[in-house]
2 protein chains.
Amino acid sequence: MKRDCSKIPYDCPIEATLGLIGGKWKALILDHLTGGALRFGALQKMMPKITPKMLTQQLRELENDGLILRHVYPVVPPKVEYELTDFGQTVLPILDAMCAWGRVYLDNVREQEGTKAAGCACE
Amino acid sequence: MKRDCSKIPYDCPIEATLGLIGGKWKALILDHLTGGALRFGALQKMMPKITPKMLTQQLRELENDGLILRHVYPVVPPKVEYELTDFGQTVLPILDAMCAWGRVYLDNVREQEGTKAAGCACE
DNA sequence: CAGCATCCTATAAGATACTG
DNA sequence: CAGTATCTTATAGGATGCTG
(Lines give C-alpha, C1' and ligand atoms only; values in the text may rest on other atoms or scores of the structure.)
Protein backbone atom coordinates (compact mmCIF):
# COMPACT_ATOMS: atom_id res chain seq x y z
CA MET A 1 0.00 0.00 0.00
CA LYS A 2 1.90 3.01 -1.21
CA ARG A 3 1.16 6.57 -0.42
CA ASP A 4 1.06 9.38 -2.93
CA CYS A 5 1.05 12.57 -0.94
CA SER A 6 0.00 14.36 -4.11
CA LYS A 7 -3.33 12.51 -4.03
CA ILE A 8 -4.39 14.11 -0.78
CA PRO A 9 -6.75 17.06 -1.23
CA TYR A 10 -5.32 20.30 0.12
CA ASP A 11 -7.17 23.48 0.98
CA CYS A 12 -4.25 25.81 0.94
CA PRO A 13 -0.79 26.18 -0.62
CA ILE A 14 1.08 25.92 2.66
CA GLU A 15 -0.87 22.83 3.56
CA ALA A 16 -0.01 21.29 0.19
CA THR A 17 3.66 22.12 0.63
CA LEU A 18 3.69 20.51 4.05
CA GLY A 19 1.94 17.47 2.65
CA LEU A 20 4.60 16.93 0.03
CA ILE A 21 7.79 17.91 1.82
CA GLY A 22 6.68 18.03 5.45
CA GLY A 23 7.60 15.55 8.11
CA LYS A 24 10.81 14.91 9.89
CA TRP A 25 12.98 13.77 6.99
CA LYS A 26 11.89 14.87 3.53
CA ALA A 27 13.29 18.39 3.58
CA LEU A 28 16.55 17.01 4.89
CA ILE A 29 16.75 14.36 2.19
CA LEU A 30 15.96 16.85 -0.55
CA ASP A 31 18.57 19.19 0.81
CA HIS A 32 21.26 16.54 0.70
CA LEU A 33 20.32 15.75 -2.88
CA THR A 34 20.77 19.34 -4.02
CA GLY A 35 24.47 18.57 -4.30
CA GLY A 36 23.79 15.89 -6.91
CA ALA A 37 22.80 12.22 -7.05
CA LEU A 38 23.52 10.12 -3.98
CA ARG A 39 23.41 6.44 -3.13
CA PHE A 40 21.21 4.97 -0.44
CA GLY A 41 24.19 4.34 1.80
CA ALA A 42 25.52 7.86 1.34
CA LEU A 43 22.22 9.36 2.41
CA GLN A 44 22.19 7.11 5.42
CA LYS A 45 25.66 8.25 6.40
CA MET A 46 24.55 11.89 6.16
CA MET A 47 21.58 11.22 8.43
CA PRO A 48 22.94 8.81 11.03
CA LYS A 49 19.71 8.86 12.99
CA ILE A 50 17.45 7.65 10.19
CA THR A 51 16.68 3.95 9.99
CA PRO A 52 16.85 2.12 6.63
CA LYS A 53 13.13 1.55 6.86
CA MET A 54 12.33 5.23 7.24
CA LEU A 55 14.79 6.23 4.56
CA THR A 56 13.27 3.76 2.11
CA GLN A 57 9.78 4.89 2.94
CA GLN A 58 10.51 8.58 2.56
CA LEU A 59 12.41 8.03 -0.68
CA ARG A 60 9.48 6.07 -2.11
CA GLU A 61 7.04 8.82 -1.26
CA LEU A 62 9.27 11.49 -2.76
CA GLU A 63 9.57 9.33 -5.87
CA ASN A 64 5.80 8.77 -6.12
CA ASP A 65 5.28 12.50 -5.85
CA GLY A 66 7.73 13.22 -8.65
CA LEU A 67 10.32 15.03 -6.56
CA ILE A 68 13.14 12.55 -6.99
CA LEU A 69 14.28 9.91 -9.44
CA ARG A 70 15.53 6.44 -8.59
CA HIS A 71 18.21 4.88 -10.74
CA VAL A 72 18.99 1.21 -10.33
CA TYR A 73 22.27 0.04 -11.78
CA PRO A 74 22.13 -3.69 -12.57
CA VAL A 75 25.44 -4.56 -10.97
CA VAL A 76 26.62 -6.72 -8.11
CA PRO A 77 26.64 -5.54 -5.40
CA PRO A 78 23.52 -3.46 -6.07
CA LYS A 79 23.91 0.24 -6.72
CA VAL A 80 21.00 2.64 -6.50
CA GLU A 81 21.18 6.38 -6.86
CA TYR A 82 18.66 9.07 -6.08
CA GLU A 83 18.51 12.51 -7.61
CA LEU A 84 16.19 15.49 -7.78
CA THR A 85 13.83 15.82 -10.72
CA ASP A 86 13.31 19.23 -12.32
CA PHE A 87 10.24 19.53 -10.17
CA GLY A 88 12.27 18.55 -7.13
CA GLN A 89 14.71 21.34 -7.91
CA THR A 90 11.94 23.88 -7.52
CA VAL A 91 11.75 23.34 -3.76
CA LEU A 92 15.24 24.77 -3.36
CA PRO A 93 14.05 28.26 -2.37
CA ILE A 94 12.09 26.75 0.50
CA LEU A 95 15.07 24.71 1.68
CA ASP A 96 17.29 27.77 1.45
CA ALA A 97 14.87 29.85 3.48
CA MET A 98 14.55 27.15 6.12
CA CYS A 99 18.27 26.69 6.28
CA ALA A 100 19.02 30.39 6.55
CA TRP A 101 16.51 30.91 9.31
CA GLY A 102 17.61 27.81 11.20
CA ARG A 103 21.21 28.90 10.99
CA VAL A 104 20.54 32.31 12.49
CA TYR A 105 18.43 30.70 15.15
CA LEU A 106 21.03 28.07 16.04
CA ASP A 107 23.81 30.65 16.11
CA ASN A 108 21.87 32.61 18.71
CA VAL A 109 21.14 29.54 20.78
CA ARG A 110 24.73 28.39 20.61
CA GLU A 111 26.05 31.79 21.50
CA GLN A 112 24.02 31.69 24.70
CA GLU A 113 25.04 28.15 25.50
CA GLY A 114 28.60 28.19 24.28
CA THR A 115 28.08 25.09 22.15
CA LYS A 116 29.35 24.53 18.64
CA ALA A 117 27.84 23.65 15.30
CA ALA A 118 27.53 19.91 14.66
CA GLY A 119 28.38 20.09 10.97
CA CYS A 120 25.67 19.36 8.44
CA ALA A 121 25.36 19.61 4.69
CA CYS A 122 23.39 22.82 4.90
CA GLU A 123 25.56 24.74 7.34
CA MET B 1 4.15 19.19 31.14
CA LYS B 2 4.90 21.83 28.55
CA ARG B 3 7.13 21.43 25.60
CA ASP B 4 9.72 23.94 24.51
CA CYS B 5 10.77 22.95 21.06
CA SER B 6 13.73 25.26 21.44
CA LYS B 7 15.11 22.97 24.13
CA ILE B 8 15.56 20.07 21.76
CA PRO B 9 19.13 19.67 20.49
CA TYR B 10 19.36 20.02 16.73
CA ASP B 11 22.17 18.89 14.49
CA CYS B 12 21.35 21.00 11.51
CA PRO B 13 19.58 24.27 10.63
CA ILE B 14 16.81 22.62 8.64
CA GLU B 15 16.18 20.21 11.47
CA ALA B 16 15.96 23.12 13.91
CA THR B 17 13.54 24.96 11.66
CA LEU B 18 11.32 21.91 11.38
CA GLY B 19 11.46 21.48 15.13
CA LEU B 20 10.17 24.98 15.75
CA ILE B 21 7.68 25.50 12.94
CA GLY B 22 7.20 21.96 11.60
CA GLY B 23 4.14 19.83 12.05
CA LYS B 24 0.72 20.10 10.54
CA TRP B 25 -0.39 23.42 11.96
CA LYS B 26 2.33 25.82 13.07
CA ALA B 27 3.25 27.24 9.68
CA LEU B 28 -0.43 27.75 8.97
CA ILE B 29 -1.03 29.53 12.27
CA LEU B 30 1.97 31.78 11.80
CA ASP B 31 0.84 32.58 8.31
CA HIS B 32 -2.58 33.66 9.50
CA LEU B 33 -0.98 35.87 12.12
CA THR B 34 1.12 37.73 9.56
CA GLY B 35 -1.93 39.88 8.94
CA GLY B 36 -1.97 41.10 12.54
CA ALA B 37 -3.21 39.95 15.94
CA LEU B 38 -6.07 37.48 15.97
CA ARG B 39 -8.36 36.01 18.59
CA PHE B 40 -8.57 32.33 19.38
CA GLY B 41 -11.96 32.06 17.77
CA ALA B 42 -10.82 33.87 14.64
CA LEU B 43 -7.95 31.46 14.18
CA GLN B 44 -10.32 28.57 14.63
CA LYS B 45 -12.61 29.93 11.96
CA MET B 46 -9.69 30.20 9.55
CA MET B 47 -8.73 26.59 10.16
CA PRO B 48 -12.05 24.77 10.43
CA LYS B 49 -10.37 21.41 10.69
CA ILE B 50 -8.31 22.18 13.79
CA THR B 51 -9.74 21.20 17.17
CA PRO B 52 -9.59 23.64 20.09
CA LYS B 53 -7.26 21.27 21.86
CA MET B 54 -4.75 21.21 19.01
CA LEU B 55 -5.00 24.94 18.50
CA THR B 56 -4.31 25.59 22.16
CA GLN B 57 -1.42 23.18 22.19
CA GLN B 58 0.22 24.62 19.10
CA LEU B 59 -0.25 28.18 20.31
CA ARG B 60 1.37 27.32 23.63
CA GLU B 61 4.39 25.80 21.94
CA LEU B 62 4.77 28.78 19.64
CA GLU B 63 4.53 31.02 22.68
CA ASN B 64 7.09 29.02 24.67
CA ASP B 65 9.44 29.23 21.73
CA GLY B 66 9.11 32.99 21.50
CA LEU B 67 7.41 33.11 18.13
CA ILE B 68 4.09 34.54 19.26
CA LEU B 69 2.71 36.66 22.09
CA ARG B 70 -0.46 35.98 24.02
CA HIS B 71 -2.49 38.93 25.27
CA VAL B 72 -5.26 38.31 27.77
CA TYR B 73 -7.79 41.08 28.13
CA PRO B 74 -9.45 40.93 31.56
CA VAL B 75 -12.99 41.30 30.31
CA VAL B 76 -16.14 39.22 30.33
CA PRO B 77 -16.52 37.26 28.19
CA PRO B 78 -12.79 36.48 27.93
CA LYS B 79 -10.80 37.94 25.07
CA VAL B 80 -7.41 36.60 24.09
CA GLU B 81 -5.32 37.73 21.17
CA TYR B 82 -2.26 36.23 19.60
CA GLU B 83 0.34 38.05 17.56
CA LEU B 84 3.76 37.49 16.10
CA THR B 85 6.81 38.59 18.05
CA ASP B 86 9.69 40.25 16.21
CA PHE B 87 11.32 36.86 16.15
CA GLY B 88 8.14 35.34 14.81
CA GLN B 89 8.18 37.88 11.98
CA THR B 90 11.50 36.51 10.80
CA VAL B 91 9.92 33.28 9.60
CA LEU B 92 7.98 35.16 6.96
CA PRO B 93 10.42 34.38 4.13
CA ILE B 94 9.94 30.68 4.79
CA LEU B 95 6.17 30.99 4.79
CA ASP B 96 6.31 32.99 1.57
CA ALA B 97 8.49 30.40 -0.11
CA MET B 98 6.23 27.56 1.02
CA CYS B 99 3.15 29.44 -0.10
CA ALA B 100 4.55 30.35 -3.50
CA TRP B 101 5.66 26.80 -4.21
CA GLY B 102 2.40 25.29 -2.99
CA ARG B 103 0.42 27.70 -5.12
CA VAL B 104 2.26 26.78 -8.31
CA TYR B 105 1.90 23.14 -7.42
CA LEU B 106 -1.82 23.36 -6.69
CA ASP B 107 -2.46 25.35 -9.85
CA ASN B 108 -0.92 22.56 -11.88
CA VAL B 109 -2.88 19.88 -10.09
CA ARG B 110 -6.11 21.80 -10.43
CA GLU B 111 -5.54 22.48 -14.08
CA GLN B 112 -5.31 18.75 -14.67
CA GLU B 113 -8.33 17.99 -12.56
CA GLY B 114 -10.50 20.97 -13.40
CA THR B 115 -11.01 21.81 -9.72
CA LYS B 116 -10.94 25.23 -8.14
CA ALA B 117 -9.07 26.89 -5.33
CA ALA B 118 -10.68 26.47 -1.92
CA GLY B 119 -9.84 29.94 -0.68
CA CYS B 120 -7.25 30.33 2.04
CA ALA B 121 -5.50 33.24 3.66
CA CYS B 122 -2.32 32.64 1.74
CA GLU B 123 -3.74 32.26 -1.75
C1' DC C 1 -15.14 33.03 24.73
C1' DA C 2 -11.39 30.42 25.36
C1' DG C 3 -10.08 27.07 27.06
C1' DC C 4 -9.16 22.28 29.98
C1' DA C 5 -9.88 17.19 31.10
C1' DT C 6 -10.47 12.75 29.69
C1' DC C 7 -10.43 9.14 26.72
C1' DC C 8 -9.46 7.31 22.31
C1' DT C 9 -7.49 6.29 17.43
C1' DA C 10 -4.28 6.80 13.71
C1' DT C 11 0.03 7.57 12.01
C1' DA C 12 4.87 8.29 12.51
C1' DA C 13 8.84 6.45 13.87
C1' DG C 14 12.11 3.10 15.86
C1' DA C 15 14.56 -1.66 17.00
C1' DT C 16 15.97 -5.74 15.41
C1' DA C 17 16.71 -9.39 12.40
C1' DC C 18 17.06 -11.12 7.92
C1' DT C 19 17.82 -11.37 2.40
C1' DG C 20 18.37 -11.11 -3.00
C1' DC D 1 24.58 -2.78 -0.97
C1' DA D 2 20.13 -1.75 -0.55
C1' DG D 3 16.86 -2.95 1.04
C1' DT D 4 12.35 -6.18 3.63
C1' DA D 5 9.70 -8.05 7.39
C1' DT D 6 8.03 -7.98 11.82
C1' DC D 7 7.21 -6.14 16.05
C1' DT D 8 6.94 -2.40 19.19
C1' DT D 9 6.74 2.39 20.95
C1' DA D 10 5.95 7.27 20.70
C1' DT D 11 3.64 11.10 19.11
C1' DA D 12 0.16 13.38 16.62
C1' DG D 13 -4.25 14.11 16.31
C1' DG D 14 -9.32 13.72 17.40
C1' DA D 15 -14.22 13.35 19.97
C1' DT D 16 -16.78 14.71 23.53
C1' DG D 17 -18.12 17.05 27.51
C1' DC D 18 -17.34 20.54 30.97
C1' DT D 19 -16.02 25.38 33.11
C1' DG D 20 -14.19 30.14 34.83
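The following exchange examines how individual descriptions of this predicted model are justified.

Me: What kind of model is this, and how are its residues and chains labelled?

Reply: This is a predicted model, in which local features need pLDDT of at least 70 and side-chain atom pairs count only at pLDDT 80 or more, while totals for chains, interfaces and linings use all residues. Residues are numbered from 1 along each chain as its sequence is written, chains are lettered from A and ligands numbered from 1 in the order in which they are written, and side-chain values use heavy atoms, with hydrogens and water left out.

Me: Why is A:Thr85 called buried?

Reply: Buried means under 20% relative accessible area, exposed over 50%, and partly exposed in between, with a 1.4 Å probe and protein chains only. A:Thr85 has 13% relative accessibility, and therefore counts as buried. A:Thr85 is placed in the loop between β3 and α5 (86–89) of chain A; helices (H or I, at least four residues) and strands (E, at least two) are DSSP runs, numbered from the N terminus.

Me: What makes the approach of the A:Thr85 side chain to A:Gly66 a polar contact?

Reply: A polar contact is a pair of N or O atoms within 3.5 Å; within protein, one must be able to donate a hydrogen and the other to accept it, and residues adjacent in sequence count only if both atoms are side-chain atoms. The side chain of A:Thr85 reaches the backbone oxygen of A:Gly66 at 2.7 Å, a polar contact by that criterion.

Me: Which residues does A:Thr85 touch, leaving out those up to four places away in sequence?

Reply: A:Thr85 is in contact (heavy atoms within 4.5 Å) with A:Gly66, A:Leu67, A:Ile68 and A:Leu69.

Me: How do you know that the length of helix α6 of chain A agrees with expectation?

Reply: The expected span of a helix is 1.5 Å times one less than its number of residues. Helix α6 of chain A (residues 92–113) has 22 residues and should span 32 Å; its end C-alpha atoms are 31 Å apart, so the two values agree. Just after this helix, A:Gly114 takes a positive phi of about 75 degrees.

Me: What covers the buried residues of α6(A)?

Reply: The buried residues of α6(A) include A:Ile94, A:Leu95, A:Met98, A:Trp101 and A:Arg110. Their cover includes α1 (13–21) and α2 (26–33) of chain A, and also α1 (13–21), α5 (86–89) and α6 (92–113) of chain B.

Me: Why does B:Met98 count as buried, and what does B:Met98 contact?

Reply: B:Met98, in helix α6 of chain B, has 5% relative accessibility and therefore counts as buried. Beyond its neighbours within four places in sequence, B:Met98 contacts A:Pro13, A:Ile14, A:Thr17, A:Leu18, A:Ile94 and B:Ala27. B:Met98 and B:Ala27 are 71 residues apart in sequence, yet 9.2 Å apart in space, C-alpha to C-alpha.

Me: What makes a residue near DNA strand D, and which come nearest?

Reply: A residue is near a molecule or strand if one of its heavy atoms lies within 4 Å of it. Of the 19 residues around DNA strand D, A:Arg39, A:Arg70, A:Tyr82, B:Lys24 and B:Lys53 come nearest. Sugar and phosphate make up 69% of the atoms of DNA strand D that come within 4 Å of the protein.

Me: Which side chains of chain A have a polar atom by a phosphate oxygen of DNA strand D?

Reply: Among them are A:Arg39 at 2.7 Å, A:Arg70 at 2.6 Å and A:Tyr82 at 2.6 Å. Elements giving two or more residues to the surface near DNA strand D are α3 (40–46), α4 (52–64) and β3 of chain A, together with α4 (52–64) of chain B.

Me: What is found around DNA strand C?

Reply: Of the 19 residues around DNA strand C, A:Lys53, B:Arg39, B:Gly41, B:Arg70 and B:Tyr82 come nearest. Sugar and phosphate account for 72% of the atoms of DNA strand C within 4 Å of the protein. Polar side-chain atoms lie 2.7 Å from a phosphate oxygen for B:Arg39, 3.2 Å for B:Arg60 and 2.6 Å for B:Arg70.

Me: What is the peptide bond from B:Val76 to B:Pro77, cis or trans?

Reply: That bond is cis, with omega near 0 degrees. B:Pro77 lies in the loop between β2 (68–73) and β3 (79–84) of chain B. A cis peptide bond also joins A:Val76 and A:Pro77, with omega about 0 degrees.
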